[in-house]
Amino acid sequence: ASPRLPEPEFVPNDDAQQVNLEHILPKSAKSAEWPAFTVDELASYPYRIGNMTLLQKGVNGKIGNRPWSIKHPKISLSDLALNKAISAESDWRVQEIEKRQISLAQKAIAVWKV
């Protein structure tokens with residue numbers, strides 16, 4: 001048997017054919033599908049680091065600009081630890097994005113000592 005390759009989410013990978021940047025709140029979110037966000041939040045929150053994660057291309061392509069109810073179960077299938085934290089959220093709103101942003105900043109400070 002051939003050796004099993006590491007999951008593409010687990011290794012540095014700049015191949016967009018394997019791993020994509022996922023905007024959980026889509027860049028072109030529809031207010032009807034994301035009703036917890038104001039018009040201004042729909043325009044600005046997709047670009048926050050707390051709203052972004054990595055997903056395998058196939059999964060990311062299937063969830064595209066869909067609502068949280070569609071994205072949540074797909075993100076939950078990821079083995080990436082950062083995605084496990086996202087999948088623990090019952091909803092995806094401003095509060096969850098800001099909470100995740102703080103968590104990522106704390107992780108960055110711990111990893112990159114300056």
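**Entry 1: the outer face of H5.** I began with helix H5 in this predicted model, and noted that its face turned away from the buried side carries the exposed residues Ile102, Gln106 and Ile109. I then looked up the opposite category and found that the buried residues of H5 are Val94, Glu96, Ile97, Arg100 and Leu104. Seen down the axis of H5, these buried residues fall within an arc of 155 degrees, so they line one face of the helix. I keep in mind here that an α-helix has 3.6 residues a turn, so residues three or four places apart point the same way.

**Entry 2: span and packing of H5.** I checked the extent of H5, which covers residues 94-111, and found that its 18 residues reach 26 Å from the first C-alpha to the last, close to the 26 Å expected at 1.5 Å a residue. Which elements do the buried residues of H5 pack against? I found helix H1 (39-44), strand E2 (52-56) and helix H4 (81-87).

**Entry 3: the largest pocket.** I turned next to the largest pocket, for which I noted a volume of about 180 Å³. Its lining consists of Leu21, Ile49, Met52, Thr53, Leu54, Leu80, Leu82, Arg100, Leu104, Ala105 and Ala108. The elements that give two or more residues to this lining are E2 and H5, and H5 gives the most, with 4 residues. Sorting the lining by character, I recorded 9 nonpolar residues, 1 polar and 1 charged. I marked Arg100 and Leu104 in particular, since I had listed both among the buried residues of H5 and both also appear in the pocket lining.

**Entry 4: Ile86.** I looked up Ile86, which is placed in helix H4, and asked whether this residue is buried or exposed. Ile86 has a relative accessible area of 0%, and because buried means under 20%, I entered Ile86 as buried. Leaving aside its neighbours within four places in sequence, I found Ile86 in contact with Ile24, Thr53, Trp68, His72, Ile75, Trp92 and Arg100. For Arg100, which lies 14 residues from Ile86 along the chain, I noted a separation of 8.1 Å between the two C-alpha atoms.

**Entry 5: H3.** Two of the contacts of Ile86, Trp68 and Ile75, led me to helix H3 (residues 68-76), where Trp68, Lys71 and Ile75 are buried. Viewed down the axis of H3, its buried residues fall within an arc of 65 degrees, so they too line one face of their helix.

**Entry 6: Ser44.** I also looked up Ser44, which has its place in helix H1. Ser44 is partly exposed, with a relative accessible area of 34%. The C-alpha atoms of Ser44 and Lys27 are separated by 8.6 Å, although the two residues are 17 apart along the chain.

**Entry 7: the chain as a whole.** I closed with the overall record, counting 5 helices and 2 strands in the chain, which follow the pattern β-α-β-α-α-α-α when read along the sequence. Buried residues make up 33% of the 114 residues. Among contacts between residues at least 6 apart in sequence, I noted that 64% join residues at least 24 apart.

Key: Residues are numbered from 1 along each chain as its sequence is written. This is a predicted model: local features need pLDDT of at least 70, side-chain atom pairs count only at pLDDT 80 or more; totals for chains, interfaces and linings use all residues. Side-chain values use heavy atoms; hydrogens and water are left out. The expected span of a helix is 1.5 Å times one less than its number of residues. Buried means under 20% relative accessible area, exposed over 50%, partly exposed in between (1.4 Å probe, protein chains only). The arc is that of the directions from the helix axis to the C-beta atoms. Contact means heavy atoms within 4.5 Å. On a 1 Å grid over the protein atoms alone, a cavity is a set of points where a 1.4 Å probe fits but cannot get out, and a pocket is an open set with protein on both sides within 12 Å along at least five of seven lines; lining residues have an atom within 4 Å of a point. Grid points are joined across faces, edges and corners, and a volume is the space filled by probe spheres set on the points. Ala, Val, Leu, Ile, Met, Phe, Trp, Tyr, Cys and Pro count as nonpolar, Asp, Glu, Lys and Arg as charged, and the others, Gly among them, as polar.
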